[in-house]
Structure formats: structure tokens, C-alpha cells
Amino acid sequence: MILPSRGALIVSTDLHGCWADFMALREHFLAASATEPATHWAILGDTVHGPSDEARGRRPELYDYSDMSAEIVAGILELQRAYPGRVHYVLGNHDHGHVGGPRTAKFHTDEVAALEGRCTPAQLADLRALFEPALLAIAAPCGVLLSHGSPDDRLQQFDDLDGVRLSPRDNDPYRRHLLATFLCSYGQRDEVTARLLARVSASAVPVSLVIHGHDRDEEGFFSSGLRQACPVIFGAPKSHKRYVFLNLSARYDSVSDLRDGHEIRRLYPS
């Protein structure tokens with residue numbers, strides 16, 4: 001997807017079943033929409049698969065919440081219906097396991113089985129309804145490329161992502177690699193990301209910065225070089241959880257253009 005060149009954009013990632021964090025983001029989106037009706041929200045994947053009882057006991061400051069993955073999925077679908085074309089979902093590697101991808105093992109040996117085993121038929125249908133049409137990347141004329149992982153430079157042109165199938169075995173080697181790198185890659189060397197951004201710029205819109213999820217940092221935000229940034233919600237203490245707020249008519253050329261308290265915002269300001 002390519003976003004418009006006006007309005008506002010909220011970027012968040014990796015909720016992993018935390019209902020309170022979803023509701024806080026929802027309130028930020030609704031408040032922004034009341035001021036700027038052309039506000040978009042890009043959710044960069046991994047909505048599902050919350051902590052186990054063992055993890056909650058071991059790190060309560062990070063994981064002391066009940067897993068409400070299915071309820072969050074339903075909440076996102078409701079927002080997509082209420083605000084058509086403005087709430088965008090980018091597939092995460094944990095989400096992918098529910099629609100043909102590899103099954104993750106983070107808090108449970110089989111995260112997919114653990115979640116689906118307690119879902120109603122309607123909730124199972126919701127998982128497919130959100131994840132099957134999910135995007136692999138979003139580009140914005142303000143200069144950002146949004147994805148779950150921080151992909152390498154194998155992508156040749158932006159439209160190639162449209163041909164990627166959800167089941168890895170249904171892809172040729174090139175598209176199988178695209179699926180893996182956009183969902184599962186961690187930070188890249190700056191020169192690798194620069195080549196990726198140059199190819200997206202040549203085939204879509206000019207972009208200079210990747211904002212991604214998939215990773216975690218207890219400070220709530222981190223960057224790799226000048227061209228990769230990750231706002232962190234899951235895995236950060238409540239006071240440090242961050243999301244990003246962008247002006248779609250502005251221009252962001254590097255991580256240094258994302259200012260703490262302006263573009264980089266605390267999920268819980270108080």
C-alpha cells in the first residue's frame with residue numbers, strides 16, 4: 001500500500017494480546033481523528049500470542065496481563081469497518097502462523113494451537129479475516145517504509161510484494177525470501193537498508209527510513225543507524241511503551257527527524 005500525502009499517521013506494533021495497550025492506542029487514534037479526519041493507523045503486526053502464566057510470574061513488570069488476542073483482533077476489524085481505508089494491518093510473523101505460515105514458539109511450544117484451541121468459531125474466522133488480506137509493507141510519501149521485520153535488500157520493486165503468497169511453499173524462491181525477510185528479519189546494516197529504500201523509491205514513492213516492529217527494547221524505542229527505527233510496546237515497561245505519530249505532508253529523511261515527545265510518543269503520557 002502507498003499512503004496519501006496529507007493527513008496524519010499513527011504507527012504501532014507488537015501488542016501480543018495486551019488489551020490495555022490496544023485500548024490506549026485506539027484512544028489515541030480516535031482523538032487524532034477528531035482533530036484530523038484524514039488520520040491513518042498502521043498496525044505493524046504481532047497482535048496475537050500473549051504471555052504464559054510462567055512469563056507473567058517471572059517478569060510481571062513486562063508481562064502481567066491476560067492474553068486477549070482474539071478480542072483485539074475483533075476490535076481491529078471493528079475499527080476497519082468504522083473507518084474504512086484508514087486502519088491498515090501489516091502481517092507479523094506470529095500472525096502468519098494462523099494463515100499458512102510457520103508456527104511460532106515464544107510463550108508456548110505451539111502458539112497457534114494455544115490460541116486457536118480456546119477460540120470460538122467466530123473468533124477463528126476473525127483471525128483469518130484480519131490476517132489473510134494483511135499487507136507486507138506500507139510506503140508513505142513522507143519518506144517512511146513500514147513493515148513488521150526490518151527487511152534486507154533482495155526486493156527488486158515494490159509491486160513484487162503483491163505476488164507473494166501466504167503459504168511459503170506456494171512461492172518461488174524469490175518471493176519465499178521476501179515473505180521471510182519482511183516478516184522475520186531484525187536490523188540490517190545501514191548500506192543494506194539504503195539499497196532497499198532506493199529500490200522502493202524508484203518503483204513506488206521516495207522513502208528514506210524503515211519503521212518496523214518484531215524486536216523489543218525495554219526503553220521503548222531504538223534505532224539502527226540512520227535508516228531503521230522501532231517503536232516498542234510489547235516487552236517495555238508501561239512508562240516506556242512508545243508509538244510513532246507522523247505528519248503525512250511532512251518529510252522524514254532519517255531517524256534524527258523523529259523527535260522524542262513529538263513523533264516518538266509515549267503510549268501512556270502520564
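Let's start with five rings. Trp19, Phe22, Phe29, Trp41 and Tyr83 form one aromatic cluster. Keep in mind that this is a predicted model.

How many aromatic pairs does the structure hold? There are 8. Take Trp19 and Phe22. Their rings make a tilted pair, 5.5 Å centre to centre, with 50 degrees between the planes. The two residues are 3 apart in helix α1, so about one helical turn separates them. Are they buried or exposed? Trp19 is partly exposed, at a relative accessible area of 31%. Phe22 is buried, at 1%.

A further tilted pair joins Tyr89 and Phe131. Here the centres are 5.7 Å apart and the planes differ by 40 degrees. Tyr89 belongs to strand β3, while Phe131 belongs to helix α7, residues 121-131. The pair therefore ties together parts 42 residues apart in sequence. Both Tyr89 and Phe131 are buried.

Stay with Phe131 for a moment. What does it touch, leaving aside neighbours within four places in sequence? Its contacts are Val48, Val73, Tyr89, Leu91, Asp95, His98, Val99 and Leu166.

That brings us to the cores. The largest nonpolar core has 51 residues. Which of them touch the most other members? Trp41, Ile76, Phe131, Leu145, Leu161 and Val200 do. So two names come back here: Trp41 from the opening cluster, and Phe131 from the tilted pair with Tyr89. A second core is separate and has 22 residues. Among them are Leu9, Val144, Val244 and Leu248.

Now the sheet. It is open and has 5 strands, in the order β3-β2-β1-β9-β10, with mixed pairing. Which strands are at the edges? They are β3, residues 87-89, and β10, residues 264-266; each pairs on one side only. From one strand to the next, the twist averages 25 degrees.

Helix α1, residues 19-35, packs on this sheet. The helix touches β1, β2, β3, β9 and β10. Its direction makes about 160 degrees with that of β2, residues 39-43.

Look inside the sheet at β1 and β9. Strand β1 covers residues 8-12 and strand β9 covers residues 242-247. They run antiparallel, joined by 4 bridges. One bridge pairs Ala8 with Asn247 in β9.

Next, strand β5, residues 144-147. Which way do its residues point? Val144 and Leu146 point one way, Leu145 and Ser147 the other, and all are buried. Recall the cores: Leu145 is in the largest one, and Val144 is in the second.

What pairs with β5? Strand β4, residues 138-140, does so in the antiparallel sense, over 3 bridges. Ile138 has Leu146 as its bridge partner in β5. The hairpin of β4 and β5 has 3 residues between the strands. There, Gly143 takes a positive phi near 110 degrees.

Strand β6, residues 209-212, also joins β5. These two run parallel, with 4 bridges between them. Val144 has its bridge partner in β6, namely Leu209.

There is another hairpin, made by β7 and β8. Strand β7 spans residues 221-224 and strand β8 spans residues 228-231. They pair in the antiparallel sense over 4 bridges. Ser223 stands opposite Ala229 in β8. Again 3 residues lie between the strands, and Gly225 in the turn has a positive phi of about 65 degrees.

Two charges over rings. The charged end of Arg265 sits over the ring of Phe245, 4.1 Å from its centre. The charged end of Lys106 sits over the ring of Phe107, 5.8 Å from its centre.

Last stop: Thr104. Where is it found? It is in the loop between α5, residues 93-96, and α6, residues 111-116. Why does Thr104 count as buried? Its relative accessible area is 13%, and buried means under 20%. Leaving aside neighbours within four places in sequence, Thr104 is in contact with His49, Asn93, His94, Thr109, Asp110 and Glu111. Val232 is 128 residues from Thr104 along the chain, and their C-alpha atoms are separated by 20 Å.

Terms used:
Residues are numbered from 1 along each chain as its sequence is written. This is a predicted model: local features need pLDDT of at least 70, side-chain atom pairs count only at pLDDT 80 or more; totals for chains, interfaces and linings use all residues. Side-chain values use heavy atoms; hydrogens and water are left out. Two strands pair if DSSP finds at least two bridges between them. Axes are lines fitted to C-alpha atoms, for helices over the stretch in contact, and angles run from 0 to 180 degrees between N-to-C directions. Contact means heavy atoms within 4.5 Å. Rings of Phe, Tyr and Trp (its six-membered ring) pair if their centres lie within 6.5 Å; planes under 30 degrees apart count as stacked, over 60 as edge-to-face and the rest as tilted. Buried means under 20% relative accessible area, exposed over 50%, partly exposed in between (1.4 Å probe, protein chains only). A charge sits over a ring if NZ of Lys or CZ of Arg is within 6 Å of the ring centre and within 35 degrees of the ring normal. A nonpolar core is a set of buried Ala, Val, Leu, Ile, Met, Phe, Trp, Tyr and Cys residues joined through side-chain atoms within 4.5 Å.
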